[in-house]
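Q: I have a new structure open and I'd like to learn how to read it. Could you walk me through some of its features?

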Amino acid sequence: MKFLWPDLLWLLVLVPLMALLYVWLLKRRARVARRWATLSAAGDGSGRWRRHLPPALWLAAIALMLASAARPVAVVSMPSRHQTLLLAMDVSGSMRATDVAPTRLVAAQKAARDFIEDLPGGTRVGIVSFAATAALVQAPTDNRQDVLSAIERFEPQRGTATGSAIVVSLATLFPDQGIEIGMLEQGADARRAPGRRPAGGQGGAGGPNAQGSATPPGGQAGPGGSGNARGQGAASGRKPFEPVPAGSYGSAAIVLLTDGQTTAGPDPLAAAKLAAERGVRIYTVGIGTTDGEVMRTEGMSMRVKLDDTTLKTIADMTRGEYYQAATAVDLKRIYDTLNARLVLETAETEVGAFFNAAAALLALTAAMLSVAWFGRIL
């Protein structure tokens, strides 16, 4: 525990001074009692502790109130502030691998269903699916059946565009900031071989809406974001986007599940930087093993393995957490952990209200005991 205004803790010196004053008053009363025979004490030892208990409770209450004035801060578990959750799920062809029974995709769908059904009723959930491109297949809603139906419609496709999934998720959360995949694709194009066509131009993973822009259906492009988005904000006369501390946005979070390495779209770390600048936490879930599995399809064989290094970095950059699921049981356990993590969030918060509540309770107890035993308040 720490205090935001520790200098005010000097006020606690008043407590022992008041205790000394109480002792002095007791001695003074005893001297007066000895002068008047009718006021001489005639009780047993139990009467003494009854006489001292209410004042002791009052002093404890005063100490708590003085400590509260110094604004105490502690790490506590509080109900989460997350109101919108974007679940970005990989539907690339490698999700057909059977190292997580019955397949990675089927296990992920089942675990996601259980996860969503256990979320608090007030949490809005949106679904982003991604393969070579990414698309918002279910806008954030509190209708659980719509969300579950969107998950059931997943079909494996080619490619893995993890960066695109993050950008589409951010565009869904901030539709007025004009967040687009094009912000990051210049860097992605520079890493591609000459003449190679940028990913994200046609269709989408599970939906047709991602055509090089991450602005969700119904969203309006506007100033914001990073890079050229700041220039757009200045050109339009609106206030340009200003980054905030990573993990500071408490109204939404992204859960990203993938099983492979990025093969298309923008750099996922550049996309994670966009999320970090907006304070959005990304919880990454890696399904499969780092050694991977050799898959044979359409006469070709390829090894699909987990890029846990990138997923860990994404989680670290955004102040989220990384989890690895090598089996269906692991995946279910991870989603259970995530659910508890999102429902009860551990964070530093001021606890002065708890100090004041405890002080009020002690003061009320002292007053009630004094009235019950002596017919007066102290």
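Q: Let's start with a single residue. In which strand is L257 found?

A: Keep in mind as we go that this is a predicted model. L257 sits in strand β6, which covers residues 252-258.

Q: Is L257 buried or exposed?

A: The number to look at is the relative accessible area, and a residue is called buried when that value is under 20%. L257 comes out at 0%, so it counts as buried.

Q: What surrounds L257, then? Which residues is it in contact with, leaving aside neighbours within four places in sequence?

A: The list runs through A88, M89, D90, M95, A108, F130, V285, I287, L331 and Y335. You can also look at C-alpha distances: L257 and Y323 are 66 residues apart along the chain, with their C-alpha atoms separated by 9.5 Å.

Q: V285 was on that list. Which residue lies 5.9 Å from V285, C-alpha to C-alpha?

A: That's Y322, 37 residues away from V285 in sequence. Y322 belongs to strand β10. Setting aside neighbours within four places in sequence, Y322 touches T284, G286, L306, D308, L311, K312 and A315.

Q: How about the chain as a whole? How many helices and strands does it have?

A: There are 11 helices and 11 strands. Of the 378 residues, 44% count as buried. The accessible surface comes to about 19,300 Å², with 58% of it belonging to carbon and sulfur atoms. And if you take the contacts with a separation of 6 or more, 80% of them are between residues 24 or more positions apart.

Q: How do I read a pair of helices lying against each other?

A: Two packed helices are described by the angle between their axes and the distance between the axes. Here, try α3 (residues 104-117) and α4 (residues 144-152): their axes come within 10 Å and cross at roughly 170°. That makes α3 roughly antiparallel to α4.

Q: Which residues make the contact between α3 and α4?

A: From α3 you have Q109, A112, R113, I116 and E117, and from α4 R144, V147, L148, I151 and E152. Sorted by type, the residues of this contact are 5 nonpolar, 1 polar and 4 charged.

Q: Is there a reason for the spacing of residues on one side of a helix?

A: Yes, here's the general idea. An α-helix has 3.6 residues a turn, so residues three or four places apart point the same way.

Q: Let's take another helix. Why is α8 described as largely enclosed by the rest of the structure?

A: Because 7 of the 10 residues of α8 (residues 268-277) are buried. The buried ones are P268, A271, A272, L274, A275, A276 and E277.

Q: And which residue caps the N-terminal end of α8?

A: D267 does, with a side-chain oxygen 3.0 Å from the backbone nitrogen of L269. Just after α8, G279 takes a positive phi of about 75°.

Q: What should I make of a positive phi?

A: Most residues other than glycine have a negative phi. This chain gives you R71, with a positive phi of about 60° although it is not a glycine. R71 lies in the loop between α2 (45-69) and β2 (72-79), and it is partly exposed at a relative accessible area of 27%. Then there's R319, also not a glycine, with a positive phi of about 65°. R319 is in the loop between α9 (308-317) and β10 (322-325), and its relative accessible area of 46% makes it partly exposed.

Q: Staying with α9, is D316 buried or exposed?

A: The cut-off for exposed is over 50%. D316, in helix α9, has 53% relative accessibility, so it counts as exposed. The C-alpha atoms of D316 and I282 are separated by 8.7 Å, with their positions 34 residues apart along the chain.

Q: One last residue. What joins the side chains of T84 and R124?

A: A polar contact of 3.1 Å. T84 lies in strand β3 (residues 84-90) and, at 10% relative accessibility, counts as buried. Not counting residues up to four places away in sequence, T84 touches R124, P140, L173, S251, A252 and A253.

Terms used: Residues are numbered from 1 along each chain as its sequence is written. This is a predicted model: local features need pLDDT of at least 70, side-chain atom pairs count only at pLDDT 80 or more; totals for chains, interfaces and linings use all residues. Side-chain values use heavy atoms; hydrogens and water are left out. Buried means under 20% relative accessible area, exposed over 50%, partly exposed in between (1.4 Å probe, protein chains only). Helices (H or I, at least four residues) and strands (E, at least two) are DSSP runs, numbered from the N terminus. A polar contact is a pair of N or O atoms within 3.5 Å; within protein, one must be able to donate a hydrogen and the other to accept it, and residues adjacent in sequence count only if both atoms are side-chain atoms. Contact means heavy atoms within 4.5 Å. Accessible areas come from the Shrake-Rupley method with a 1.4 Å probe; for residues, only the protein chains shown count as cover. Axes are lines fitted to C-alpha atoms, for helices over the stretch in contact, and angles run from 0 to 180 degrees between N-to-C directions. Angles under 35 degrees count as roughly parallel, over 145 as roughly antiparallel, 65 to 115 as roughly perpendicular and the rest as oblique. Ala, Val, Leu, Ile, Met, Phe, Trp, Tyr, Cys and Pro count as nonpolar, Asp, Glu, Lys and Arg as charged, and the others, Gly among them, as polar.
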